[in-house]
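Colleague: I should like to understand the reasoning behind the terms used for this structure. Could we take them one at a time?

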Number of protein chains: 2
Amino acid sequence: MAKRNIYIDNIPLEQAQKLFQEAIKECSIFQLTESIGVEDALNRVTAEPVFAEISNPHFNAAAMDGIAIAAKKAFGASEKNPARLKRQVDFIHVDTGDVIPEGYDAVIMIEDVIQEDDETVLIYKSPVPWQHIRPIGEDITATEMIIPSNHQISPVDIAALLAGGVMEVTVYKRPKVAILPTGTELVEAGKPLKKGDIIDFNSHMFANLITEWGGEPNRYGITKDDYEELKENILKAVSENDVVLVNAGSSAGSEDYTSSIIRELGEVVVHGIAIKPGKPSILGIIDKKPVLGIPGYPVSAFFVMELFVKPLIDRLTRRQVKARKKIPATTARKIVSSLKHEEYVRVKLGTVDGKFIATPLERGAGVIMSLVKADGFVTIPRNLEGYEAGDTVEVTLFKDFENVKNTIVAIGSHDPMLDILADILHRNYPNLFLSSSHVGSMGGIMALRRGECHIAGIHLLDPEDGTYNVTYLNRYLRNEEMALIHVVERTQGLMVKKGNPKGITSLNDLMREDVRFINRQKGSGTRMLLDYYLNKINIDPALINGYDREEYTHLTTASAVLEDSADVSLGILSAANALGLDFIPICGEQYDLAVPVKFLEQGLIDPLLEVIKSEEFAQALERMGGYELKRIGEVKYLK
Amino acid sequence: MAKRNIYIDNIPLEQAQKLFQEAIKECSIFQLTESIGVEDALNRVTAEPVFAEISNPHFNAAAMDGIAIAAKKAFGASEKNPARLKRQVDFIHVDTGDVIPEGYDAVIMIEDVIQEDDETVLIYKSPVPWQHIRPIGEDITATEMIIPSNHQISPVDIAALLAGGVMEVTVYKRPKVAILPTGTELVEAGKPLKKGDIIDFNSHMFANLITEWGGEPNRYGITKDDYEELKENILKAVSENDVVLVNAGSSAGSEDYTSSIIRELGEVVVHGIAIKPGKPSILGIIDKKPVLGIPGYPVSAFFVMELFVKPLIDRLTRRQVKARKKIPATTARKIVSSLKHEEYVRVKLGTVDGKFIATPLERGAGVIMSLVKADGFVTIPRNLEGYEAGDTVEVTLFKDFENVKNTIVAIGSHDPMLDILADILHRNYPNLFLSSSHVGSMGGIMALRRGECHIAGIHLLDPEDGTYNVTYLNRYLRNEEMALIHVVERTQGLMVKKGNPKGITSLNDLMREDVRFINRQKGSGTRMLLDYYLNKINIDPALINGYDREEYTHLTTASAVLEDSADVSLGILSAANALGLDFIPICGEQYDLAVPVKFLEQGLIDPLLEVIKSEEFAQALERMGGYELKRIGEVKYLK
């Protein structure tokens, strides 16, 4: 039974939110409360005010270590005329917290008590009745309200409640949220994978988001694409939970049954929202409980969780939640968007020259790493075609503002050692971050020109004189005083499958019919290097099968070779090593970090420079292989 | 064995922190890591960078629902000259995520595929090779770094790790923190209490703070004041945990063994810190593990947790933590402090007339309610005698800034119905808070004069004409346009123990030798009422046993009667009812809220006024008893 259901709506976000709000008004889940032990109540929200059962203290207590007396027995005591008091007759010793017995109404601090003999003390100052006594109820009086309703319980509140004799509190129930991963292609994380299998990681993201928001996730096993089985599991989830999330099955593919099932069992309120990513979402209700169909792509799923599920959970938990902080930033690049959708573009932020620069990350809805790396996102409204480079945009922050300010932004050529550098930097300077975007050497130079980054990794050969990098900085950044931090000499070569099954030995083999090449993107140093060599040995790129197939990093092309999607690519030895590929060396090349002198002078790059020169980094490069470390960390000023 | 050990140091905070930092350098607890399942890793911090095991996707996958083809078979297709493709021969159907098999290199979206017959489709646009295909590693490439070390793992990170085939991560261990409540007077919460017993609530505050900070609390049972037993338990706690907190036993009382034991088993680094509250703290080390003696008073304990334990736990968990926000505010009252200590004064904040006003709360170290109510605290440095009213001080916030801005500040006469009002207000307006401080009617009027609050509960009789409140506002607030919100008529009378064992029938009985009175503070409406009646019937206050013994609320004096610390007090019927006391009515009186007209005009008070007039509030007052609700919520403008 392959139902085709390709017509989905494109309802604006606000309207979808409003329709959903209206629809869930009749839901039965908003007043669920339970009585729990105070000791287990951290961060839960009270459904009723809580009143003290007893007073604290519940007796008059000594507030000091010393002696308890009847004040009138020492009235008028002075330096000249001390009061002389007898143990047990006139006074008793008390420690802080001890009961003040009937007949006593003052405490004299031990420091003010002079021992005359074993039985007698002298007091040199007239006491005030009730001095140094904590009266009954000083802290909490029986029947007073300790905390009101709708109050999120803190550690201090727990102490006060216990002090007031309260052992149980009535709180809002944590919403039970069913998570149903669906799809025949899904496999549980950790299981062996065959081609076509997709690891179900979304459901774990959902579960952890729900936990973080104060709900109780209830993750079910994977449901195959079977209408009846899915229907049965949705019914079961509805009966066992307060909210149900069905993952995938919300677009219009042949195996997407979710909307049909919700319609059959209840009501589809919205199917298709004018947001990107996240369009094919379903907002429905079954049996007075919200049932949402969440798209399968992780980034789509994340935004639908953020826009629809979080507000719902917040309402159910009653926690007071802070909206994400928003800051203005300058977009580094043009961002084009469709008029049909409100779009969420993940961005990396950096403070360059005192202003926040937002650099868009990969926009594919399947790229969860764009969320891992993002500092926040820019919302592009419907009916807006996007932003020009240099426009001021509002960035909704994922991360702490401070972290954004403490990020060294690197844009440029990819090398796996940048990951290692970022790691060692952050380990040694916990408040400092290195963020790297891989757009190739020329992309890095352009980013420096636009003031989009602090440093750019580049390896650009000048074919005229065989030098690296200097020529390009002089050409493209002539208005900026620049320096080059030398990092490594690295080895470029042909990456081929283990054992080199196609017997590739040189660039000439790229012309062979049976050899599938995979290339790096235009503007990358590696692409320019390839073109330089092809030109030198007179090979026409049009003759290379795959010359136009481009990827952005050494590791991605290496992975394509590893997974047999291509036979060969040009890349660096450390990438081949990382993936266990064979390697035919072509040449060495120089990899530097280009940096405006002003950043060096501001001291911003000092920690990074220190890490580059460290023994720890050298050892890591040694392990990766393919790097020559002579002159590592040398700084060359260009003008 | 009663050791007296009254000499403790008074080391400045910074020096104590430095000494402790130095001393724990040799501790063995800072590099403890463990490998855990990714699914359990939410909010844990990586001890190593985490690299992808596999690529995501690990095969070339359809990025759209549609058909997969070899691109060259449709090269040149156009509106006029479509490509005609045969099922299985030229194309196969694919859904998003499906494998692109060998020999295919493009996907045509289903929307662009025109079905000619069951076996044939038409394509009207020439495809680009690799279009709508997610290449291997588009999201994550095997061996790339997913997250660095020292990174707190988020729900999105968990998804990315699982997508990258990572099932385990090495993270810093959650520090195990032993909590040892000590003291013969302590009893477990929920157990029956006898005089002198103190509920051990501190240890639960500690446990929940540790949980909140990401540690693993390990709460032990109560240890009695027995040197050998305590020593044994401390040794056991040290062997089973990373950090040990011993509660109480850190001052110089006769049963305070902690410092002696730490000295015997290890080293006391600091005993006695120049902070208030918190002075008698002990910072020690046993067996290369930090062992802290935390004072017994809950507020002292809280600040020592905040100043010493939190930084330690943060260092161990490696979480990035935000410092508490600080804001400038105007102190409403003079705050006097000793030159010997750095002092932390809990304050309530309100925005009155656009500026933050900080009103000090009760300063007793035993008053945990001062922490429950506090919005933050003011730090008074050593060598400063305090602040004058009107000084600008820095407030370190406990609560969210927004909540502080949305608080209606009430200062004035106490009535238990204010708790109920606060609760109903917050329940109906979740973003709105009512904070009440009880300083008596005259105190409330003075607070209004100083611009310290929005409203003041008052019940002040003019003996001349029998009217309430108006005379006093005209006298003390003549420069401000004022209004009175009428709330209730309430009944004042003598509160006596159930069954009235002393046979008290009128104010004349207060002069009896065998009758212990407890009074309200000067400036409270109830005190003024008492004086009015005593004067009327010619009773000399000096003849009343307890006339000088003052408390600040109806509930506190009622509690003293309940607990047999006094026989009688003047108070309101609802307080007597709340504590089950007998009551001899004396008179009715009018309780109003005084409010500057400007606040009424600003709309600030509207929600409160609405709640005062609500059926819900009326019913609550009915249940409490002793209130007459005629004219409730009536607003009277004075000028």
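**Terms and the values behind them**

Modeller: Let us begin with two helices of one chain: α3 (residues 202-212) and α6 (residues 298-317) of chain A pack at an angle of about 25°, and their axes lie 11 Å apart. The model is a predicted one.

Colleague: What makes α3(A) roughly parallel to α6(A)?

Modeller: The angle is about 25°, and angles under 35 degrees count as roughly parallel. α3(A) is therefore roughly parallel to α6(A). The crossing of α3(A) past α6(A) is right-handed.

Colleague: Which residues of α3(A) and α6(A) meet?

Modeller: From α3(A) come A:Asn202, A:Met205, A:Phe206, A:Leu209 and A:Ile210; they meet A:Pro298, A:Ala301, A:Phe302, A:Met305 and A:Ile313 of α6(A). A:Phe206 is also among the residues touched by A:Leu245.

Colleague: What makes A:Leu245 notable in the largest nonpolar core?

Modeller: That core has 402 residues, and A:Leu245 and B:Leu245 touch the most other members. Beyond four places in sequence, A:Leu245 touches A:Val177, A:Ala178, A:Ile179, A:Leu180, A:Phe206, A:Leu292, A:Ile294 and A:Val309.

Colleague: How do you know how the two copies, chain A and chain B, are related?

Modeller: Chain A can be laid on chain B by a turn of 180° with a shift of 0.0 Å along the axis, and the RMSD is 0.1 Å. The two copies are thus related as by a two-fold rotation axis. In addition, 100% of the contact residues of chain A recur in chain B, so the same surface serves both copies.

Colleague: Which residue of chain A comes closest to the rotation axis?

Modeller: That residue is A:Glu212, whose C-alpha is at 6.3 Å from the axis.

Colleague: How many residues make the contact between chain A and chain B, and which element of chain A gives the most?

Modeller: Each side is counted separately: 94 residues from chain A and 94 residues from chain B. Elements giving two or more residues on the side of chain A include α2, α3, α6 and α13. The most comes from α2(A), with 8 residues.

Colleague: Why is α2(A) called roughly antiparallel to α3(B)?

Modeller: The axes of α2 (residues 155-163) of chain A and α3 (residues 202-212) of chain B cross at roughly 160° and come within 8 Å. Angles over 145 degrees count as roughly antiparallel, and α2(A) is therefore so described with respect to α3(B). Among the residues making this contact are A:Ile158, A:Ala159 and A:Leu162 of α2(A), with B:Met205, B:Leu209 and B:Glu212 of α3(B). The crossing of α2(A) past α3(B) is right-handed.

Colleague: Why is helix α13 of chain A described as largely enclosed?

Modeller: In α13 (residues 554-562), 9 of the 9 residues are buried, so the helix is largely enclosed by the rest of the structure. Its buried residues pack against β32 (482-496), β33 (519-520), β34 (550-551), β35 (568-572) and α14 (573-578) of chain A. After α13(A) comes A:Asp564, with a positive phi near 65°.

Colleague: Is A:Ala578 buried or exposed, and how do you know?

Modeller: A residue is buried if 20 or more other C-beta atoms lie within 10 Å of its own. A:Ala578 has 23 such atoms, and is therefore buried. A:Ala578 lies in α14 of chain A. Leaving aside neighbours within four places in sequence, A:Ala578 is in contact with A:Pro416, A:Leu555 and B:Thr143. A:Ala578 and A:Ala558 are 20 residues apart in sequence, and their C-alpha atoms are 9.0 Å apart in space.

Note on methods:
Residues are numbered from 1 along each chain as its sequence is written. Chains are lettered from A and ligands numbered from 1 in the order in which they are written. This is a predicted model: local features need pLDDT of at least 70, side-chain atom pairs count only at pLDDT 80 or more; totals for chains, interfaces and linings use all residues. Copies are superposed by least squares on the C-alpha atoms of residues with pLDDT of at least 70 in both. Two residues are in contact if their C-beta atoms, placed from the backbone, lie within 7 Å. A nonpolar core is a set of buried Ala, Val, Leu, Ile, Met, Phe, Trp, Tyr and Cys residues joined through C-beta atoms within 7 Å. A residue is buried if 20 or more other C-beta atoms lie within 10 Å of its own, exposed if 12 or fewer, and partly exposed in between; C-beta atoms are placed from the backbone. Axes are lines fitted to C-alpha atoms, for helices over the stretch in contact, and angles run from 0 to 180 degrees between N-to-C directions. Helices (H or I, at least four residues) and strands (E, at least two) are DSSP runs, numbered from the N terminus. Angles under 35 degrees count as roughly parallel, over 145 as roughly antiparallel, 65 to 115 as roughly perpendicular and the rest as oblique. A crossing is left-handed if the near helix is turned anticlockwise from the far one by less than a right angle, and right-handed if clockwise.
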